[in-house]
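Okay everyone, grab a seat. I'd like to walk you through a model I've been looking at, so have it up on your screens and follow along.

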Amino acid sequence: MPKISVTIDDKKLDVDVGKTILEVCKENGIEILTMCHLKGLTDVGACRLCLVEIEGVNKLLSACTTKIAANMIIRTKTEKIKRYQRITSELFFAERNHVCSVCVANGKCDLQKLGYKTEMNHIRYPYLFPECNVDTSHPWYVLDHNRCIMCTRCVRACGEVEGAHNWNVMNRGYQVRIISDFDTPWGESVTCTSCGKCVHACPTGAIWPKAIVQGQLEKKPEIIGELVEKRKMNL
Amino acid sequence: MSKKKIATVWLGGCSGCHMSLLDIDERILDVAKLADIVKCPIVDGKELPEVDIVLVEGSVTSDEHLREILHIRKQAKALVALGDCAVTSNITGMRNYFDLKEVFDTAYVNAVSNDKEGSVPDHPELLKLRDKVVPLQEVVKVDFVIPGCPPDADTIFYVLFEFLNDRIPNLSEVKKLRYG
C-alpha cells in the first residue's frame, strides 16, 4: 500500500492512504477523546470530541470522519481543542438530566470519564431539564432518555451489525430522541431481536439491562468490533 | 500566623456531605491546629460571622437559602461549593422537570400515605420554595467546587488543608475529581 507522510503533534509519520485521522492516531498511540466512535461501526462525527486542528484549514475537523492526506500538519492537543472539548462535555451534561448519583451507570460511565478527562468540575451553562421518558416496556432492557447523549452508537450497532434497524432518530435540536420502530414502545417492537448489542454499545446509562443494580453495570462495547472482525474471517 | 476561621453551611442537601466531612476523623485535629470552626449546622442559629473559608453543602431551593447564600458570599473570603447538589443541583434539581404545584401536590395532597385529604402546609414561618432549584454558581460567585455525591473525606480534607496552608488545591491534578 502506498505511504504518505504527515505530521501529527510535531511527530513525522509515514502512514497508509485511505485511513481517517483517528485511525492513524490510534495506531500511533496518540490519544484522542471520542464518544460516538466505536470500532466496527461507521463513523458519523456526532459527538464533536475528536476535533483536530489542521494547518491551512480555518475550522476544526472531526478526526473520525476526516481522511488523512499527504503533508497534513495536524495538532490534537492545543489549548483551543482542550477548551472546546470541555465545552462539549459540559453541554452533554446541561442538555439532559445526567444525575450521576442516582444513575445505574454511576462509576462505569464513559460520560463521567469524559468529564474527568476534560477536567470538568462544574457546568457553566444553564441546565435545560427536559422532560424525558423512561421506556421499560422491553422485558429485559430499559431505555432512559434522561441519560442519552445522542451518540447514535445503538442505532448503528442495530442497523449495521445486527441488521435489525430497530433504532432510529426522531426530531431535531434539543427535541431529538432515539426511537424504537415508529416511535412505539420498545417492548412492542417487531424488528428488535433482543440481541443486546445496543446495550453494550451505549456509553452511558441510557440503555441498560433490567437484571442489574447500580454499580454493577458491566458493558462490553468492544464485542461490536470483535463481531465485525470475526465475520470478515473466511472459515 | 493567626488562626483562620472556617464555617460549614447546610442548604438544600441531605447532609451527606457533612457526614463525609466528619469522616476525615482524627485529621480534624490537623484542621483545628490551623483554624477555628466558628459555625456549622449543629450550632445555634446565629448569622454567619466573617470567615476565611466556608464550605456550603446543597443547592438553593428556597427564598431562605437565597438570602443565606447572599449573606454568606458577603461574609466569606473563599466560598467552596461542597458536593454535587451545590455544584450541579443533582438530586434536589430533579424536581425542576415539574411545576412547583405538581411537586407540592405529590408530596402533600396526593401522597399515598395520607389517611384523609391532605393539604399543602402554608404557615408564614415556613420557607417558600423557589420555582426551580439552582446550583450555587447561578446566584453567587463560587471560588472552588468539590463535586461528588458525597465527595470523599480524603478529597474534602485535601481541599481544606491546601486552603488552610494558603495553597490553591487542584482536584484534577491529584485525580480526585468525581461526580455521583
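**The sheet in chain B, and a few odd spots**

Let's start with strand 1 of chain B, residues 4-10, which runs parallel to strand 2 of chain B and is joined to it by four bridges. If you want a landmark there, find B:Ala7, which sits opposite B:Lys39 in strand 2 of chain B. Before I go on, please remember that this is a predicted model. The scores are ipTM 0.90 and pTM 0.93. Chain B has an average pLDDT of 93, with 99% of its residues at 70 or above.

Now go to the other neighbour. Strand 1 of chain B also runs parallel to strand 3 of chain B, this time with five bridges. Here you can use B:Val9, whose bridge partner in strand 3 of chain B is B:Val56. Keep going across and strand 3 of chain B pairs with strand 5 of chain B, again parallel, through six bridges. One pair to click on is B:Glu57 with B:Leu82, the latter in strand 5 of chain B.

So what order do the five strands of this open sheet come in? In chain B it reads 2-1-3-5-7, with parallel pairing. Strand 2 (35-39) and strand 7 (144-146) of chain B are the edges: each has a single partner strand, so one side of each has no neighbour in the sheet. On average, neighbouring strands of this sheet are turned by 25° against each other, ignoring direction.

How buried is strand 3 of chain B? Six of its seven residues are buried, so to speak of it as mostly covered is fair.

Next, the helices on that sheet. Helix 3 of chain B, residues 63-75, lies across strand 1, strand 3 (51-57) and strand 5 (76-82) of chain B, and runs at about 135° to strand 5 of chain B. Then there's helix 6 of chain B, residues 153-164, which packs on the sheet and touches strands 1, 2, 3, 5 and 7 of chain B. The direction of helix 6 makes about 160° with that of strand 7 of chain B.

Between strand 7 and helix 6 of chain B there's a loop, and B:Pro150 is in it. The peptide bond from B:Cys149 to B:Pro150 is cis, with omega near -10°. Just as background, most peptide bonds are trans, and most residues other than glycine have a negative phi.

That brings me over to chain A, where two residues have a positive phi without being glycine. A:Phe129 has phi near 45°, and you'll find A:Phe129 in the loop between helix 3 (110-117) and strand 6 (134-135) of chain A. Is A:Phe129 buried or partly exposed? A:Phe129 has 19 other C-beta atoms within 10 Å, and buried takes 20 or more, so A:Phe129 counts as partly exposed. A:His165 has phi near 55°, in the loop between helix 4 (153-162) and strand 8 (167-170) of chain A. A:His165 is partly exposed too, because there are 14 C-beta neighbours inside 10 Å.

Last stop, the place where the chains meet. How many residues are in contact there? On chain A there are 17, and they touch 19 residues of chain B. The chain A side of that contact divides into eight nonpolar, seven polar and two charged residues.

Technical notes:
Residues are numbered from 1 along each chain as its sequence is written. Chains are lettered from A and ligands numbered from 1 in the order in which they are written. This is a predicted model: local features need pLDDT of at least 70, side-chain atom pairs count only at pLDDT 80 or more; totals for chains, interfaces and linings use all residues. Two strands pair if DSSP finds at least two bridges between them. Helices (H or I, at least four residues) and strands (E, at least two) are DSSP runs, numbered from the N terminus. Axes are lines fitted to C-alpha atoms, for helices over the stretch in contact, and angles run from 0 to 180 degrees between N-to-C directions. Two residues are in contact if their C-beta atoms, placed from the backbone, lie within 7 Å. Ala, Val, Leu, Ile, Met, Phe, Trp, Tyr, Cys and Pro count as nonpolar, Asp, Glu, Lys and Arg as charged, and the others, Gly among them, as polar. A residue is buried if 20 or more other C-beta atoms lie within 10 Å of its own, exposed if 12 or fewer, and partly exposed in between; C-beta atoms are placed from the backbone. pLDDT is the predictor's confidence in each residue, from 0 to 100.
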